[in-house]
Amino acid sequence: MKITLSWLKEKGACVEGYNWFKEKYQDGEADYQEVLRTLGKEEKIGWAQWLLQEAGPTQDVLEINGDLIAEHSICWAGFIKVTGKIAARLFLMAGSGIEAGEGIKAGEGIKAGEGIEAGEGIEAGEGIEAG
């Protein structure tokens, strides 16, 4: 799915978010997942949550054999499946579910559109929300 300036305008994006997108993606469009990834890296979590709410979850699966560790927030439109552990500096967000063979940890919050499963525990500084 492509996110475009006209789509953002139609959905009622805030002026600051619209202008950020316009500056960041000068072609006026970008892949949905790429926008979410960039919002996570730049810690624009409120905008990522808004985008995920407006565009909805996808069937895409981020599957990693090993650990998923990020020095920023992780935002994914679909399902996250990792055989090891997942760690995000602030937030971990998925449009569908999150599954880790070991533990899941986020400095502030974890949110998934469906279930959250971990082999060794789930920890978040502020809150955990599924479904």
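A residue counts as buried when its relative accessible area is under 20%, as exposed when that area is over 50%, and as partly exposed in between. Keep that in mind as we walk through this structure, which is a predicted model.

Let's try the idea out on Lys44. This residue sits in the loop between H3 and H4. Its relative accessible area is 24%, so Lys44 is partly exposed. Leaving aside its neighbours within four places in sequence, Lys44 is in contact with Trp20 and Leu39. You can also look across to Gly17: the two residues are 27 places apart along the chain, and their C-alpha atoms are separated by 9.4 Å.

Now step from that loop into the helices on either side of it. How do H3 and H4 lie relative to each other? The axes of H3 (residues 32–41) and H4 (residues 45–55) come within 9 Å and cross at roughly 160°. An angle over 145 degrees counts as roughly antiparallel, and that is why H3 and H4 get this description. Their crossing is left-handed. Looking at who touches whom, you'll find Tyr32, Val35, Leu36 and Leu39 on the H3 side, meeting Trp47, Ala48, Leu51, Leu52 and Ala55 on the H4 side. Sort this contact by class and you get nine nonpolar residues, with no polar and no charged ones.

H3 has another helix to deal with, namely H2. The axes of H2 and H3 come within 13 Å and cross at roughly 110°. H2 and H3 are therefore roughly perpendicular to each other. Here Trp20, Phe21 and Lys24 from H2 meet Val35, Thr38 and Leu39 from H3. By class, this contact is a mix: four nonpolar residues, one polar and one charged.

So is H3 largely enclosed or largely open? Seven of its ten residues are buried, so H3 is largely enclosed by the rest of the structure. The buried ones are Tyr32, Gln33, Val35, Leu36, Thr38, Leu39 and Gly40. Their cover includes strand S1 (2–4), H2, strand S2 (29–31), H4 and strand S5 (74–76).

Time to look at the cores. In soluble globular proteins, nonpolar side chains tend to be buried together. In this model, the largest nonpolar core has 22 residues, and the members that touch the most others are Ile3, Phe21, Tyr32, Val35, Leu36 and Leu51. At least two residues each come from helix H1 (5–11), helix H2 (15–24), H3, H4 and strand S8 (91–94). H4 gives the most to this core, with five residues. There is also another core lying apart from it, made of 17 residues, among them Ala70, Val82, Ile98 and Ala112.

Ile3 is a good member of the largest core to zoom in on. Not counting neighbours within four places in sequence, Ile3 is in contact with Leu8, Phe21, Gly28, Glu29, Ala30, Tyr32, Val35 and Leu51.

Finally, follow the chain on to Gly121, in the loop between strand S12 (116–118) and strand S13 (122–124). Gly121 has 35% relative accessibility and so counts as partly exposed. Apart from residues up to four places away in sequence, Gly121 touches Gly103 and Ile104. From Gly121 to Ala13 it is 36 Å, C-alpha to C-alpha, and 108 residues in sequence.

Terms used:
Residues numbered from 1 in each chain as written. Predicted model: local features only at pLDDT ≥ 70, side-chain atom pairs only at ≥ 80, totals over all residues. Heavy atoms only, no water. Axes fitted to C-alpha atoms, helices over the stretch in contact; angles between N-to-C directions. Helix = DSSP H or I, 4+ residues; strand = E, 2+ residues; numbered from the N terminus. Parallel < 35°, antiparallel > 145°, perpendicular 65-115°, else oblique. Left-handed = near helix turned anticlockwise from the far one by under 90°. Contact = heavy atoms within 4.5 Å. Nonpolar A, V, L, I, M, F, W, Y, C, P; charged D, E, K, R; others polar. Core = buried A, V, L, I, M, F, W, Y, C linked by side-chain atoms within 4.5 Å. Buried < 20%, exposed > 50% of the residue type's maximum accessible area, 1.4 Å probe, protein only.
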